[in-house]
Amino acid sequence: MKKQTKIIWNVGLIAALLLLLFILEQVVPSSSMLFMVLKKGAIYALVAVSMNLLNGFTGLFSLGQAGFMLLGAYTYAILTIPVESRASVYQYFDGGIVQFAIPVPLALIAGGVVAAVFAFLIGLPVLRLKSDYLAIATLGFAEIIRAVFQWDKLGPLTNGSNLLRNFPTFQSVLYPFIVAGICIGLIVLLINSTYGRAFKAIRDDEIAAEAMGINLAHHKQLAFVISSFFAGVSGGLLAMYQTTIQASMFKSAMTYEILLIVVIGGIGSVTGSCIGSFLFIACSEWWLRFLDNSNLYIGDFHLSFMRPGFRKVVFSVIIMAIVLFYRKGLMGDREFSIEGARRFFQKHFKKKQAVEGGSSHE
Amino acid sequence: MSKENVLKVENVTMQFGGVIAVDNLNLEVNQGEIVSLIGPNGAGKTTAFNVITGVYAPTNGAVYYKGSKIIENHPQGKMKKLYRGENPVMYTGHKVLAPTPDKITALGIARTFQNIRLFKSQTVFENILIAKHLRRTSNVFTATFRLNAKEEARMREEAEELLKIVDLTDVRDELATSLPYGKQRHLEIARALATQPELLLLDEPAAGMNPQETLELTEFIGRIRDEFGLTIFMIEHHMDLVMEISDRIYVLDFGKSIAEGNSEEIRSNPRVIEAYLGGAQDE
Amino acid sequence: MEWITKNLPYLMAGISVGGQYALIAIGYTMVYGILRLINFAHGDIFMVAGLIMVYAVTVMPMPLALLLVVVATVALGFLVERAAYKPLRSAPRMSVMISAIGVSYLLQNLALYITGGLSQQYPAIPWLSDTVTILGATTKRVTLVTPVLTIILVVVLGLLIKYTKVGMAMRAASRDFETSQLMGIKINSVISMTFVIGSFLAAVGSMLYFTNYTGVTPTAGAMPGLKAFVAAVFGGIGSIPGAVIGAFIIGICENIIKGVGWTTFSDAFTFALLIVILIAKPTGLFGEKAIDKV
């Protein structure tokens, strides 16, 4: 397929997707779980792709994602709570010290920038560490951030361990889709640029990459900062989605969930991370929900093992099965593309035809 | 010395704990020469390469490239006590120079590896293209927003050129690691050339090749030297290859340089014969 | 004197918690020494040990319950290794680590399902949870027992590793995994043994740890687990004495920080210490430096 046709196809597909979402919103009642899954899925898709940029494309095993999301979420919330509601939100801290509010898009970007600045500072020393040491150091960093944001002394800024609320949120499912879509688009552009190739070289063989003149420290720092920027933006989106935030939400369990999304989708596949994200959220929040229902009967037999919490057990067993037996995830390191899908269907369709043709000859 | 010397290794010693892998090595490689470094296994040849390319900072000594000092170190702290080489105090008080390998490559010294290190998830073409990253003028923003389209096109074009030179155009889109061994070696050389070096370090380029392939490689190395105006410094075990194309040869044994000269001189040098045959007789 | 009575409880609590971390840290450090794997599930195995105790005492007498906790925890550790790590022996390290995170996720969710998310009251173990008074400070007896018991167990473990055949095999495997295999060491049984020992110590640690706390929650193992891991890194990963010393240092520092009134930062401190160590001396106090071959 020609490059231009490819672009046209992709643009068309995105437009069709947005239109579909728009129509869904008009038709399906807004209380449906579908929208919850779509909104949260889009946000997690962004943070999963940002994590994939590090773990999958640069080969840096970082577990600091929750910390950077926290930074983005707090920055967003602190900068956008309307001045008039600050007194009630910061009730224990005399209305806090920030007494202005900036527009939502700017605040989202600011969230990314703050996360990126922190990533820059922490990255200078930490990125020299090898694989699992890096993982544990970034995990530790996220925990430190969480503790600092709950600190009373910073209360006038962060509201201590109390909720931040009353900041602007979104209603339409289109909002997170568009913002996350733009961000993921930028990440894809980066991955396909000469810098992306350098990242992949570092992942494949650090020593060879360095011998080819790729400055390891610089490029790792770059990947780390960029990944954190987008994690920060997704943190801001998460704040908007949840309507209230608290530092204690951003535990290492959150990072683990994002990591599992990346693994399910395929380490090194952007589209995999996106698909993985929606599947993960849909399974954990929606499709498996019937397992939590404690009043299920088969005939007269009461399925007594089904009660709240069972869903998560089943879900984690599925994840373990994927991790153990389906290690490449859904996509491996391939990407979903129109052409690929066409070829896939063509192959299967042709096979079917061939089989039918064969049988008619006999 | 009439020709300009491109590489000069001065009193380089590399110690790992108590093991002296390279012991007070001195050597020079001149503009346009092909110089070989030979010696029995474990003589410290690859370690010498690793010092020159910045993978290890030497325990002592300095490396010069085109007349300017690029690497320097002197024994310090714990190493000072351990250090048993010559002139241990010679460099004391001087600045330590320990650039990372990418800085060395940027200066114009490229290398290949003994145990081929290609980017395994990348295609043949991408392997070369990655090495073109070094000479970019774009930054991360211009690259992401495709403002470097001209440069990108030029990089691709140059990479295609190199593919032609190593005769790998037909396998352009195959995974690099799926190539046969000999072709992988050629690809590694092409990748090194993509960084636009003046000095090329080849670490056993003919390892694992049959006589026919070795012959082709010999011809190939001579050809790229002329075509790219390179200076070549290589480690090799295939004596046919070494004797055929080397202008000069250094012999290393137990980390020490035991002989230097052209192929005739080396062939008849009693110390070299002893180092090779003496070891063999012991076994 | 007054200063002592004021600060002694923190110091004692620190030593006690340090001993408990040490027992968990050994599991991390031994597994890392051989498999180069951060066993993220280890802290959760420790939590499960606590839960088994909670449920065991409701149906059987205390001594039997204690025995069951040890046996079941050891079995769990063994099972986790066989089911989740062994199939990935030849896979990249990242895959195994992800598998460990997956096991951790599974154990936590399983605990959540069983407990219904409520904190379960940990039973009082007689004698251990009696209160005693030393130098005017009141504490549970477990505080005093922990360091002594920890040191005894560590010494026994040290002897085991030094003088028994399986101990020698462990040392060989942690030095060079592949070569030890070639030398005829049954690597799988060595690894299983490592998990068995680690889980045993985690089970003992859980009895001591939870006696000091009111209840067991599904996430109760995560924090002590991470801290024990930090202790193992601090001491030099792979080194058992290092892990023990690291654990005591972390336990004491953490409680001193609580004593000074910076409770919010007692967890953060541990991680700050971790990052500082990793940067300043990545091999920890007693670790060995490895040289990458090119």
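I will talk about one sheet in chain B and one helix pair in chain C of a predicted model.

Local features here need pLDDT of at least 70 and side-chain atom pairs count only at pLDDT 80 or more, while totals for chains, interfaces and linings use all residues. Residues are numbered from 1 along each chain as its sequence is written, and chains are lettered from A and ligands numbered from 1 in the order in which they are written.

Let me start with chain B, where six strands (DSSP runs of E, at least two residues, numbered from the N terminus) form an open sheet in the order β6-β7-β8-β3-β9-β10, with mixed pairing, two strands being paired if DSSP finds at least two bridges between them. Because β6 (109–111) and β10 (256–261) of chain B each have a single partner strand, they stand at the edges, and one side of each is left without a neighbour in the sheet. Neighbouring strands are turned by 20° against each other on average, direction ignored, with axes fitted to C-alpha atoms. Within this sheet, β3 (residues 34–38) and β9 (residues 248–253) of chain B run parallel and are joined by four bridges, and B:Ile38 has B:Val251 in β9(B) as its bridge partner.

Turning to chain C, the axes of helices α9 (residues 222–235) and α11 (residues 265–280) come within 10 Å and cross at roughly 30°, and α9(C) and α11(C) are therefore roughly parallel to each other, a term for angles under 35 degrees. Residues in contact, meaning C-beta atoms placed from the backbone within 7 Å, include C:Met223 and C:Phe234 in α9(C) and C:Phe271 and C:Leu274 in α11(C).

Note on methods
Axes are lines fitted to C-alpha atoms, for helices over the stretch in contact, and angles run from 0 to 180 degrees between N-to-C directions. Angles under 35 degrees count as roughly parallel, over 145 as roughly antiparallel, 65 to 115 as roughly perpendicular and the rest as oblique. Two residues are in contact if their C-beta atoms, placed from the backbone, lie within 7 Å.
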